[in-house]
Amino acid sequence: MSIQQLETDYLIIGSGAVGMAFADVLLTETDANIIIVDKHHKPGGHWNDAYSFVTLHQPSSFYGVSSRELCGGMIDKIGLNKGLSELASGAEVMAYFDKVMKHTFLPSGRVKYFPMCEYKGDGKFSSLLSDTSYEVKVNKKIIDGTYFKTSVPATHTPNFEIAKGVKFGPLNDLPSLTKPRDGYVIIGGGKTGIDAVLWLLENHIDPDNITWIMPRDAWLIDRKNTQPSRDFFTHTIGAQATQAEAIAEAENIEDLFNRLEKGGVLMRIDPNVRPQMFHVPPLVVKSLSNYAVLKILCVKVA
Ligand SMILES: Cc1cc2nc3c(=O)[nH]c(=O)nc-3n(C[C@H](O)[C@H](O)[C@H](O)COP(=O)(O)OP(=O)(O)OC[C@H]3O[C@@H](n4cnc5c(N)ncnc54)[C@H](O)[C@@H]3O)c2cc1C
């Protein structure tokens with residue numbers, strides 16, 4: 001086993017959005033040297049493992065590092081996001097972070113990047129491909145870019161039992177199906193579950209053949225209220241004003257959510273079920289409520 005000694009001002013663990021954004025600001029605003037370590041082979045963090053039809057859930061212009069735009073501010077002309085600012089696909093996000101690394105970070109001469117390496121703590125990391133280990137003398141700080149512990153279905157183990165004979169998998173598997181199924185059961189009511197349902201519907205699966213299991217319904221943000229351009233000023237700033245008014249005037253939490261719904265700030269998928277939680281990813285809810293025929297089972301998934 002070989003051990004290499006390195007020295008740097010900042011050691012950043014993780015080249016996901018957080019590690020990349022932090023390194024970008026250091027590069028722009030200081031003259032510090034940086035080492036970035038990641039288990040993945042490319043920058044972009046969890047986007048390396050995402051399903052092929054993933055997109056951002058909010059406009060691309062809100063995402064990425066400060067020194068480089070992710071998108072040119074285009075408005076989508078077709079699809080469920082029609083009329084709203086484009087949402088970068090997972091592939092676009094990956095290509096973007098690759099460019100930031102190759103065109104900005106590495107040419108600066110101040111960043112050393114160690115992909116396919118696992119941080120072990122105490123300034124030490126090891127290659128996942130060879131028996132080389134590294135010990136780093138850090139002059140300023142070690143930055144934990146893994147703090148949010150983002151977890152995606154492709155990389156975590158389900159916390160429920162799967163009955164024998166059931167074909168089970170992460171939604172990454174959907175595009176590689178080659179023969180029709182009797183039915184599809186989606187587990188989970190977050191952005192990923194919603195994406196799976198929409199993908200099936202867009203691919204002309206009869207709603208009667210989709211069962212959606214979620215622990216509880218969620219309040220959702222209307223994406224048109226989170227748009228960056230002047231054209232959406234009334235929606236975006238209007239929603240902020242409505243929210244402030246609702247908070248000031250509400251008599252209790254129940255009343256607050258009633259006011260937010262009435263003011264168009266929050267929405268629900270099923271008008272007959274009162275949501276019990278709040279979800280951040282903004283959504284074009286009409287895209288789902290159009291399919292009200294979907295059987296929505298609200299069961300607790302242990
Ligand atoms: C499907 C999906 C869509 C999303 N859409 C949006 C959106 O539109 N807008 C938005 O703002 N947010 C969005 N998010 C939230 C998203 O989690 C964050 O925006 C961001 O990508 C998270 O970045 P991160 O750097 O914190 O984590 P990660 O992307 O998980 O990066 C952490 C990195 O650390 C590495 N790592 C971990 N442990 C070690 C170790 N011991 N040694 C070496 N490396 C290690 C991992 O390999 C990984 O590459 C979305 C999330 C998901 C799952």
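Student: What is the relative accessible area of Ile187?
Tutor: This is a predicted model, in which local features need pLDDT of at least 70 and side-chain atom pairs count only at pLDDT 80 or more, whereas totals for chains, interfaces and linings use all residues. Residues are numbered from 1 along each chain as its sequence is written, and side-chain values use heavy atoms, leaving out hydrogens and water. Ile187 is placed in strand 7 (residues 184-187), strands being DSSP runs of E with at least two residues and helices runs of H or I with at least four, both numbered from the N terminus. Ile187 counts as partly exposed, since that class lies between buried (under 20% relative accessible area) and exposed (over 50%), with a 1.4 Å probe and protein chains only, and its value is 38%.

Student: How much area does the nonpolar surface patch of Ile162, Val166, Phe168, Val185 and Ile187 have?
Tutor: Patches are made of residues with over 30% relative accessible area and no salt bridge, like charges being joined within 9 Å and nonpolar side chains (Val, Leu, Ile, Met, Phe, Trp, Tyr) within 5 Å. Ile162, found in the loop between strand 6 (132-144) and strand 7, is partly exposed at 39%. By the Shrake-Rupley method with a 1.4 Å probe, where for residues only the protein chains shown count as cover, the patch comes to about 410 Å².

Student: Are helix 1 and helix 2 roughly parallel or roughly antiparallel?
Tutor: Their axes, for residues 17-29 and residues 90-105, come within 11 Å and cross at roughly 25°. Axes here are lines fitted to C-alpha atoms, for helices over the stretch in contact, and angles run from 0 to 180 degrees between N-to-C directions. Angles under 35 degrees count as roughly parallel, over 145 as roughly antiparallel, 65 to 115 as roughly perpendicular and the rest as oblique. Therefore helix 1 and helix 2 are roughly parallel.

Student: Which residue forms a salt bridge with Lys102?
Tutor: Side chains of opposite charge can pair when their charged atoms come close, and a salt bridge requires a side-chain nitrogen of Lys or Arg within 4 Å of a carboxyl oxygen of Asp or Glu. Lys102 is partly exposed at 47%, and its partner lies four residues away in helix 2, about one helical turn. With 3.1 Å from N to O, that partner is Asp98.

Student: Which residue is linked with Asp98 and Lys102 in a network of salt bridges?
Tutor: Asp98 is buried, at 16% relative accessibility. The network that links Asp98 and Lys102 also includes Lys42.
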